[in-house]
Amino acid sequence: MFDFIHYDFLLRSFIAAVIVGSLASTVGVFLVLRGLSFIGAGIAHAAFAGVTFGFLTGTNPLLMAFLFSIASTGLIDLIERYGELKYDAAIGMFFSLTMALAIIFIGLMDSYNAEVMGYLFGNILSITVTDIYAIIAVALLTFAYVGGLFKELHFITFDEVLARASGIPVTPIFSGFLLMTSLTVVVSLKSVGVILVFALIVIPAAAAYQLTHRIGIMVVWAIVFGILSTTLGMFLSYYLDLPSGATIVVINSFIFGIAYLVSPKKKKCEPEALEATERERAMSRDQTSS
Amino acid sequence: MNNPLIRFHNVSIAYGDRLALRNISAEIEQGEFIGIIGPNGSGKTTLFLGILGLQPLFRGDIGVNGHTVSDSLKNIRESIGYLPQRDSLDPTVPGLVEDIVMMGLFSTLGLFRRPSKEDNMRVQEVLEMVEMADAIHEPIGHLSGGQQQRVFLARALVSSPKLLLLDEPTSAIDPGTQMRLIELISKLHRELDLTIMFITHDVNHLIGRVDRVMYLNKELHAFGPTAEILKEDILTRVYGQAVKVIYLEDGQPCVIVSDSHV
């Protein structure tokens, strides 16, 4: 089972799985809670257009992926803010546009490029040393950002209007967070692929939401589920010769199923019991004040 | 009024090409309890957004505690506790009561800094003020509407503001809980010497509690002592329905809306 230590490529994959799993699930917590899960898919498709543009023009595909995803995220944000359009509609437009661009760029290539398809479906076993450096750099940046501004991100997620009224610089903080999300998606592409990176952002956070009422604990659970799914997925992919991205998503979904079944949030009080508690509190207050 | 806490000077606020508020000029003294009434879309919430700098002023300026919105928004925000309408928040976001109240201290804490032991003690203190200390470790989503409003009131109070802006704090809660919440707000007003601006659709909440009433409908139609404003002709204009003021056995006036249009 642990012979992977003797193979460099497996060790690299393991490191990538641990970091990508924790990174994607961390940003996923805030995206899921703000109802912006779909932006992960939008950024991934924009990044894929960048990758194909990079291969077409002979420029660095990951740099192009980053530039395309940043441009796309910025435009989605602008349209939502000034175009009086909701996020889901703006994301939907760019989701389709960037995928169309990617298809056009692939069509303009002289020959079939297997590496492009690798980005589409992901292969965690093909991670290089350079990829690892990029993943570590993005992880350090993102964890520092989210850790440093955790209380502000929680406030913005809970009540954006009040956060603004309190003087929290909501727009720069959330734009910075979307920048971190773009970087996370770009460095995760090779591991899980364009189509499935969305799942790595959403599912661990959604599973963690089932288990806690505290956002800090939700982040910890999401990281645990993210790492568990990516590492297990990587090993199963290697030993059973399965596609890694798809295996990771199936494991993630399985974890969500278990979290949903054991969720303490499902054990809700009956409305009558809640009303009774409220009445008791009110009576106790009345007695105290009289 | 020589040194008012709040001064509206010829304030107009627009949304795109539509004026939401026009030429509002008024002064409010430290410690006053002001009720704000007006039909839906009359600019009541917009007035609050203008004070908080969340909606830019099209014309004029607003001064709070010696600072103006145009010059020193940060100082103004630090002197205000704000309780927005309930639809702006998402109670499904994980958070305990203590986390939510602590949010009221974030702007003074600054970025990248964690709350101290003193901050935690302050949270405990304001939760005691609103009689919710026993719920400090409960998830906010588990509380009833009235209890949540008390927690949000604690959040507005935690930074020791001079001015409290309450935007329909009694909406969507049952009448008994409404009355207990209003009594609590009145008590806090008296004990903490707060200046309060209180938006409500139920004028009965204002009777016997507020010092003056502001009647807004795009413009400032009337602003004066409760007895002068809560009259049948004025209220009938506010709501577009015939309104009667009747007097109960204890002499307390009570406003009722009849079913005939005007």
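Guide: Buried means under 20% relative accessible area, exposed means over 50%, and partly exposed is the range in between, with a 1.4 Å probe and protein chains only as the setting. What you see is a predicted model, in which local features need pLDDT of at least 70 and side-chain atom pairs count only at pLDDT 80 or more, while totals for chains, interfaces and linings use all residues. Residues are numbered from 1 along each chain as its sequence is written, chains are lettered from A and ligands numbered from 1 in the order in which they are written, and side-chain values use heavy atoms, with hydrogens and water left out.

Visitor: What makes A:Asp159 and B:Arg155 a salt bridge?

Guide: A salt bridge asks for a side-chain nitrogen of Lys or Arg within 4 Å of a carboxyl oxygen of Asp or Glu. For A:Asp159 and B:Arg155 the N to O distance is 3.7 Å, so the pair qualifies. A:Asp159 sits in the loop between α7 (150-158) and α8 (160-165) of chain A, and B:Arg155 in helix α6 (residues 145-157) of chain B, so this bridge joins two chains. Both A:Asp159 and B:Arg155 are buried. Helices and strands here are DSSP runs numbered from the N terminus: H or I of at least four residues for helices, E of at least two for strands.

Visitor: How many salt bridges turn up over all chains?

Guide: The search of the whole structure gives 14.

Visitor: How do you know that B:Glu32 and B:Arg212 form a salt bridge, and what does the pair tie together?

Guide: Their side chains meet at 2.7 Å, N to O, which satisfies the cut-off, so the name applies. B:Glu32 lies in the loop between β2 (18-28) and β3 (33-37) of chain B and B:Arg212 in strand β9 (residues 212-217), so the pair ties together parts that are 180 residues apart in sequence. B:Glu32 and B:Arg212 are both buried.

Visitor: Why is B:Glu78 called partly exposed, and what is B:Lys74 called?

Guide: B:Glu78 has 31% relative accessibility, which falls between the two limits, so the middle class applies. B:Lys74 reaches a relative accessible area of 59%, so B:Lys74 is exposed. The two side chains meet in a salt bridge of 2.7 Å, N to O. B:Glu78 and B:Lys74 are four residues apart in helix α2 (residues 73-78) of chain B, and are therefore separated by about one helical turn. Elsewhere, salt bridges that share partners join A:Arg34, A:Glu160 and A:Arg164 into one network.

Visitor: What makes B:Asp119 a buried charge without a salt bridge?

Guide: B:Asp119 is buried, and the nearest side chain of opposite charge, B:Arg113, is 6.9 Å away. That distance is not within the salt-bridge limit, so no bridge is assigned. Lys and Arg count as positive and Asp and Glu as negative, with His and the chain ends not counted. B:Asp119 is found in helix α5 (residues 117-129) of chain B and touches B:Met102, B:Leu105 and B:Leu109, not counting residues up to four places away in sequence. Contact means heavy atoms within 4.5 Å.

Visitor: Why is A:Ser69 called buried, and which class does A:Ile103 get?

Guide: A:Ser69 has 0% relative accessibility, so A:Ser69 is buried. A:Ser69 lies in helix α3 (residues 61-82) of chain A, and its contacts beyond four places in sequence are A:Ile43, A:Ala46, A:Ala47, A:Ser182 and A:Val186. A:Ile103, in helix α4 (residues 87-108) of chain A, has a relative accessible area of 55%, so A:Ile103 is exposed.

Visitor: What makes B:Ala26 buried, and what does B:Ala26 contact?

Guide: B:Ala26 has 9% relative accessibility, so B:Ala26 is on the buried side of the cut-off. B:Ala26 is in strand β2 of chain B. Leaving aside neighbours within four places in sequence, the contacts of B:Ala26 include B:Ile6, B:Phe8, B:Met214 and B:Phe223. B:Ala26 and B:Phe8 are 18 residues apart in sequence and 5.1 Å apart in space, C-alpha to C-alpha.

Visitor: How do you know that chain B agrees with a compact globule?

Guide: The radius of gyration is taken over C-alpha atoms, and the globule rule is 2.2 Å times the number of residues to the power 0.38. For 262 residues a compact globule would have a value near 18 Å, and chain B has 19 Å, which agrees. Chain B has nine helices and twelve strands, and 53% of its 262 residues count as buried.
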